[in-house]
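Here are a few exercises to work through with the model open beside you. Try each task before reading its solution.

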Amino acid sequence: MSSSDHRGPSASPSTRPEFTYSRWRHGGWYVHGVRYPNGAIGCVSRNYPDGKWRIVCDPRPFEERPTFRKRDAAAMAEWRLAQTEVREGNGGTPRCCSQP
């Protein structure tokens, strides 16, 4: 997989990516354009009691995970999280969102 696959639809990390979405089987949304080094795709959801958007497979403890007002804000945060893993060469972090 090339590094551009990890950056998503953007050609440059300084350019704001545009995301497309499709429904995820657990009530959230796949975020097309967010890919982790291990091939997992981004997933965001607001299927939580407080109704706030979160990154579904955020590795931080639930109490420490940031929340977002909009789906696009959650997707952008996940894109940044994936970019951090790409830069750090972290290809082994398990992720729960893989496309069917």
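**Exercise 1. Work out how many helices and strands the protein has, and in what order they come.**

Solution. Keep in mind that you're looking at a predicted model. Start with the count: the protein has two helices and four strands. Now walk from the N terminus, and the elements read α-β-β-β-β-α.

**Exercise 2. Lay out the sheet: find the strand order, the edges and the pairing.**

Solution. Step one is the order. The four strands make an open sheet, β1-β2-β3-β4, and the pairing is antiparallel. Step two is the edges: β1 (20-23) and β4 (54-55) each pair on one side only.

Step three goes pair by pair. β1 and β2 run antiparallel and are joined by four bridges, with Thr20 opposite His32 in β2. The hairpin of these two strands has five residues between them, and Gly27 takes a positive phi near 95° there. Next, β2 (residues 29-35) and β3 (residues 41-45) are also antiparallel, joined by four bridges. Here Val31 stands opposite Gly42 in β3.

**Exercise 3. Say which strands helix α2 lies across, and at what angle it runs to β2.**

Solution. Find α2 at residues 71-88 and check it against the sheet: the helix lies across β1, β2, β3 and β4. Its angle to β2 is about 40°.

**Exercise 4. Take apart the nonpolar cores: where do the residues of the largest one come from?**

Solution. Begin with size. The largest core holds 18 residues, and Phe19, Tyr21, Val31, Val34, Tyr36, Val44 and Trp53 have the most contacts inside it. Then ask about suppliers: β2 and α2 each give at least two residues, and α2 has the largest share, with seven.

Now zoom in on Trp53. Leaving aside residues up to four places away in sequence, Trp53 touches Trp29, Val44, Ser45, Arg46, Pro66, Thr67, Phe68, Arg69, Lys70, Arg71 and Ala74. There's also a second, separate core of seven residues, with Tyr30, Ile41, Cys43 and Val56 among them. As background, nonpolar side chains tend to be buried together in soluble globular proteins.

**Exercise 5. Decide whether Val56 is buried or exposed, and place it in the fold.**

Solution. Val56 sits in the loop between β4 and α2. Its relative accessible area is 13%, and the cut-off for buried is under 20%, so Val56 counts as buried. For a spatial reference, take Gly42: Val56 is 14 residues away in sequence, with 8.1 Å from C-alpha to C-alpha.

**Exercise 6. Find the aromatic pair and explain what it ties together.**

Solution. The count comes to one aromatic pair: Tyr48 and Phe62, with 5.8 Å centre to centre and 40° between the planes. Planes under 30 degrees apart would be stacked and over 60 edge-to-face, so this pair is tilted. Tyr48 belongs to the loop between β3 and β4 and Phe62 to the loop between β4 and α2, so the pair links parts 14 residues apart in sequence. Finally, check exposure: Phe62 has a relative accessible area of 38%, so this residue is partly exposed.

**Exercise 7. Sum up the whole chain: what percentage of the residues is buried, and how much area is exposed?**

Solution. Of the 100 residues, 42% count as buried. The protein exposes about 5800 Å², with carbon and sulfur atoms supplying 48% of that. For contacts with a separation of 6 or more, residues 24 or more positions apart account for 47%.

How values were computed
Residues numbered from 1 in each chain as written. Predicted model: local features only at pLDDT ≥ 70, side-chain atom pairs only at ≥ 80, totals over all residues. Heavy atoms only, no water. Pairing = 2+ DSSP bridges. Contact = heavy atoms within 4.5 Å. Axes fitted to C-alpha atoms, helices over the stretch in contact; angles between N-to-C directions. Core = buried A, V, L, I, M, F, W, Y, C linked by side-chain atoms within 4.5 Å. Buried < 20%, exposed > 50% of the residue type's maximum accessible area, 1.4 Å probe, protein only. Areas by Shrake-Rupley, 256 points an atom, 1.4 Å probe, with all protein chains shown as cover. Phe/Tyr/Trp six-rings, centres within 6.5 Å; stacked < 30°, edge-to-face > 60°.
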